[in-house]
Amino acid sequence: MPLMHPTRFPLALLACLFCEACGPSPQPPDGGAVHVSVVTDQADAVLRILDARAAGGTVSEQAWQTLLSADGYRRMMERETAIDRQLGIDRGYTDASFREWIEGDGALDDLEGRAAVLGAWHEVDGAAAGRRALAYLPDSAVLRATIYPIIRKQNNSFVWDLSGDPAIFMYVEPKATLEEIETILAHELHHVGLAGSCPRDEERGSEAERLVDRWLTGFGEGLAVLAAAGSPEGPTHAPDHEEGRVAWEAGMNRLASDMQRLEAFFLDIAAGRVEGEEMQRRGMAFINAPDAPQGAFYTVGWHMVATLERSLGRPSLIDVVCDPPALILEYNRAAELLGEGEEAPMWSEAFIRLVEGAT
């Protein structure tokens, strides 16, 4: 069962870290657990433009307007500009820059592959992907989201507006299989369900304590990897994606040192030694970096939750998915219970004291 490539989720966590009011998503009117719809209007509009270009024809102004008015395009740009405002940066996401990419040669790569994958979306079983996510969420969890397959320069998938009208944007990968699409969807649906099930108290504690709480949610990436895999024994990457497998194994081989780096980051936040752009730079390096496309929030997070499930059982894991400090404490307890020859790195006493103050 193929799982996500290493570059797929570099900004997914930002939806949780920087949303202004992360709380339970509105319940569907009939109270069902999985409500997923697919809207392909952005990808359809981009493909029509690219097909016209490839055929040597002229792209009409109506075709451009259809793209700009597509719900998927509008919400994608809304998300990008909102993140720039929240982070105080400008990554250059504009209608003009998007049109410049479409008019470039790179946008024409593998149009047939993109069209085939977009066609596969008609066979996607969103309910099945949702059930995989629900298996690692509280019993009260509800998954409600609109899924937008998108074609653009950046090859990442991400979630947005989790506390309002949850959206999942899925990059149309030319070589993606239906099975891989559904696995990535399960990963992203877990983000949606976790955000909706686990509201944060933004009024609790000092600013530094609230920042620690926000960044601790980063370990939700490892939990989403576990949910998408279906069990601690499930594969974490597509078997034919050697680069992703090697990068993941490298991360797993440096668990102890990455845990020390994470501890230093959180202790520096709590002590006020890091803030602003430097805090963002250090924190984002645990999400993705050139040498770690899925950083320590993925590998350390997955190791913690997989160890906890193996040692204490899935119900014990689900009991703490909404409480990252409690998850840290339970992981140390689970690591202590491992049998001979199964030793795992543990969090330090200083870090435990920090998270104990947050429980």
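Helices in this account are DSSP runs of H or I with at least four residues, numbered from the N terminus. By that rule, D268 lies in helix α12, which spans residues 255-271. The model is a predicted one.

The protein as a whole has 17 helices and four strands. Its chain counts 359 residues, and 53% of them are buried. Contacts between residues at least 6 apart in sequence were also examined. Of these, 75% join residues at least 24 apart.

D268 of helix α12 has a relative accessibility of 16%. The cut-off for burial is under 20%, so D268 counts as buried. Its side chain makes a polar contact of 3.0 Å with the side chain of R282. Beyond its neighbours within four places in sequence, D268 is in contact with R273, V274 and R282.

The largest nonpolar core was considered next. Nonpolar side chains tend to be buried together in soluble globular proteins. The core here holds 100 residues, and F219 and W347 touch the most other members. Helix α14, residues 296-312, gives the largest share of this core, with nine residues. W347 has contacts with several residues more than four places away in sequence, among them F219, M259, L262 and E263. V300, M304 and I328 are also touched by W347, as are Y331, N332 and I352.

Two further buried residues were examined, one in a strand and one in a helix. F169 lies in strand β4, which covers residues 167-171. The relative accessible area of F169 is 0%, so this residue is buried. F169 and M76 are 93 residues apart in sequence, yet 7.6 Å apart in space, C-alpha to C-alpha. M76 is also one of the contacts of F169 outside the four nearest places in sequence. The others are G72, R75, Y148, I150, S157, F158 and W160.

H191 is found in helix α8, residues 178-197. With 6% relative accessibility, H191 counts as buried. A polar contact of 3.2 Å links its side chain to that of H187. H191 and G220 are 29 residues apart in sequence, and their C-alpha atoms are 7.4 Å apart in space.

Two loop residues were then considered. D90 lies in the loop between α4 and α5. The relative accessible area of D90 is 69%, so D90 is exposed. The side chain of D90 reaches the backbone nitrogen of G92 at 2.9 Å. D90 and E80 are 10 residues apart in sequence and 9.5 Å apart in space, C-alpha to C-alpha.

D110 lies in the loop between α5 (95-102) and α6 (111-120). Most residues other than glycine have a negative phi. D110 departs from this pattern: its phi is positive, near 50°. D110 has a relative accessible area of 37%, and is therefore partly exposed.

Empty space in the model was also searched. Rolling a probe the size of a water molecule over the atoms shows where such space is left. The second largest pocket has a volume of about 250 Å³. It is lined by 12 residues, and the closest to its centre are L87, G276, E277, Q280 and R281. Three helices each supply at least two residues of this lining: α4 (71-87), α9 (207-216) and α13 (276-285). Helix α13 gives the most, with six residues. By class, the lining has six nonpolar, three polar and three charged residues.

Cavities were searched for across the whole structure. Two of 30 Å³ or more were found. The second largest cavity holds about 50 Å³ of space. Its lining is made of 11 residues, of which A247, W248, A292, P293 and Q294 are the closest to its centre. Helix α11, residues 242-253, provides the largest share of the lining of this cavity, with four residues. The lining divides into five nonpolar, five polar and one charged.

Note on methods. Residues are numbered from 1 along each chain as its sequence is written. This is a predicted model: local features need pLDDT of at least 70, side-chain atom pairs count only at pLDDT 80 or more; totals for chains, interfaces and linings use all residues. Side-chain values use heavy atoms; hydrogens and water are left out. On a 1 Å grid over the protein atoms alone, a cavity is a set of points where a 1.4 Å probe fits but cannot get out, and a pocket is an open set with protein on both sides within 12 Å along at least five of seven lines; lining residues have an atom within 4 Å of a point. Grid points are joined across faces, edges and corners, and a volume is the space filled by probe spheres set on the points. Ala, Val, Leu, Ile, Met, Phe, Trp, Tyr, Cys and Pro count as nonpolar, Asp, Glu, Lys and Arg as charged, and the others, Gly among them, as polar. A nonpolar core is a set of buried Ala, Val, Leu, Ile, Met, Phe, Trp, Tyr and Cys residues joined through side-chain atoms within 4.5 Å. Buried means under 20% relative accessible area, exposed over 50%, partly exposed in between (1.4 Å probe, protein chains only). Contact means heavy atoms within 4.5 Å. A polar contact is a pair of N or O atoms within 3.5 Å; within protein, one must be able to donate a hydrogen and the other to accept it, and residues adjacent in sequence count only if both atoms are side-chain atoms.
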